[in-house]
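Me: I've got a model open and a pile of labels to go with it. Could you walk me through what earns each label?

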Amino acid sequence: MELDRGAADDGTSQTTKKRKHGGLRLDADGKALGGRPNKVRAAAKTPGVVPILDFFERERKEGEERDRARLAAETVEADESKGMGSSDSSLSSDKSQDVEDEDVVAAVPRLGGNEEADDPVIKEEMLSLMEREFRKLSSSLAEQIKGVIANESQAAVAAVDEACNEAATKIEELQGLLSAQTQLEVLQSDKTATNRKGNVICLVCTENRACLVDGRQLRSKWLASGDGYPQDHNLVANWNAHLESHMHRLCDEADRERRANPIAIAAQKAQARRALVTKILLLAAAYGDIEKHSFRSFQRLLYFPHMLGVDVGDRCHSRKSRQEMSRIFAEHGREHFRQFLQAKNAVTGRLPHLGLSVDKETTI
């Protein structure tokens, strides 16, 4: 049984043969075309979804409109407050700008017709107006370019200075790590000093001993509180080992941080001034002892250097201070005289010969 289903989509006539298992679509040659044609299904209608989406979309738009209105109101208030606080100079500049704008507006309508455009007066006014606008634009661009160049030059100079400081710091660190080869290099180093016994101590560790917490480090001979290391054949090896120790590196880092701090630099300058003033006062006291002046004349002795511009400080000018300086001189002399009497001669290995002649007993 054959049923004509009509023309296909491509214009060819198609027939369908009904069989036991169902109908099949065949072409003119009897080949199966496949299953039945698919039907276009309409979209499912959900009456409740669309109104809800419209509600949310409407709420979102109303919220955006309210935000825009609020921002516009705030902008108007800010402009009004700025306008109330403007100066007379700005008003005068605005008036001059308005006058120029009026001139421009007045000059523009003149160019409506060809006859007026050919007028030499109008051409001259337009050329002058264009020249003024070009000058304003060029001046503003020049100022902007100058500002950019100045900022870039300052940034470049700052970068170069920072690089130079870093290089200097690195060089100083490398020089500090150099090992000494002779005792003379150890003694000439700016990080060493000698105590009253002639032994060598480390200035860096002594000045920054506050950063040390280990008891063994605090009892080190390289500190001023210790005995120091004698100037023998083991001095170079001991100094090089100290430079590589954790104690010295810790104190060296603290010293660099202290030098980088401007407050610490100011404190160092104050300490240097105090040391210089103390030296001047001790020299004046020594001169008074040599000339056998009284303690009361110490202030008169300091008056003349002060009149000559010498910094003598503002303290330790009394006769009590002068007496204490004389006592320090006497103790220092006794200590050196005691060391001389107790030190053996390096050649003979004997104590020095001592002769004493006393006319009258005088306490030293």
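Me: What makes A284 count as buried?

Reply: Its relative accessibility is 13%, and buried means under 20%, so A284 counts as buried. Keep in mind that this is a predicted model. A284 lies in helix α10, and beyond its neighbours up to four places away in sequence it touches F298, L301 and L302. A284 and P305 are 21 residues apart in sequence, with their C-alpha atoms 9.7 Å apart in space.

Me: Why are α10 and α11 called oblique?

Reply: The axes of α10 (residues 262-290) and α11 (residues 298-307) cross at roughly 125°. Roughly perpendicular covers 65 to 115 degrees and roughly antiparallel starts over 145, and the crossing fits neither, so the two helices are oblique to each other. Their axes come within 10 Å, and α10 passes α11 in a right-handed crossing.

Me: Which residues make that contact, and what makes them nonpolar or otherwise?

Reply: From α10 you have L281, A284, A285 and Y287, and from α11 there are F298, L301 and L302. Ala, Leu, Phe and Tyr are on the nonpolar list, so the contact of α10 with α11 divides into seven nonpolar, no polar and no charged residues.

Me: Then why is α10 called roughly perpendicular to α12?

Reply: Here the packing angle is about 80°, with the axes 10 Å apart. The window for roughly perpendicular is 65 to 115 degrees, so α10 and α12 get that label.

Me: How does the contact of α10 with α12 divide by residue type?

Reply: On the α10 side are L281, L282, A285, A286, G288 and D289, while α12 brings R322, M325, S326 and F329. That divides into six nonpolar, two polar and two charged. Gly counts as polar, so G288 goes with the polar residues, and Asp and Arg count as charged, which puts D289 and R322 there.

Me: K292 and C316 both have a positive phi. What makes one exposed and the other partly exposed?

Reply: K292 has a relative accessible area of 74%, and exposed means over 50%, so K292 is exposed. C316 comes in at 37%, which falls between the 20% and 50% cut-offs, so C316 is partly exposed. K292 sits in the loop between α10 and α11, with phi near 60°. C316 is in the loop between α11 and α12 (319-342), with phi about 60°. Neither K292 nor C316 is a glycine.

Me: Where is the largest nonpolar core, and which members touch the most others?

Reply: That core has 14 residues, and V186, C202, C205, W222 and W239 touch the most other members. β6 (200-202), α6 (203-207), α8 (235-243) and α9 (246-260) each supply at least two of its residues, with the largest share, four, coming from α8. A second, separate core of seven residues includes V277, L281, A284 and F298. In soluble globular proteins, nonpolar side chains tend to be buried together.

Me: And how much of the whole chain is buried?

Reply: Buried residues make up 15% of the 364 residues. The chain has twelve helices and six strands. Of the contacts with a separation of 6 or more, 43% are between residues 24 or more positions apart.

Terms used: Residues are numbered from 1 along each chain as its sequence is written. This is a predicted model: local features need pLDDT of at least 70, side-chain atom pairs count only at pLDDT 80 or more; totals for chains, interfaces and linings use all residues. Side-chain values use heavy atoms; hydrogens and water are left out. A nonpolar core is a set of buried Ala, Val, Leu, Ile, Met, Phe, Trp, Tyr and Cys residues joined through side-chain atoms within 4.5 Å. Buried means under 20% relative accessible area, exposed over 50%, partly exposed in between (1.4 Å probe, protein chains only). Axes are lines fitted to C-alpha atoms, for helices over the stretch in contact, and angles run from 0 to 180 degrees between N-to-C directions. Angles under 35 degrees count as roughly parallel, over 145 as roughly antiparallel, 65 to 115 as roughly perpendicular and the rest as oblique. A crossing is left-handed if the near helix is turned anticlockwise from the far one by less than a right angle, and right-handed if clockwise. Contact means heavy atoms within 4.5 Å.
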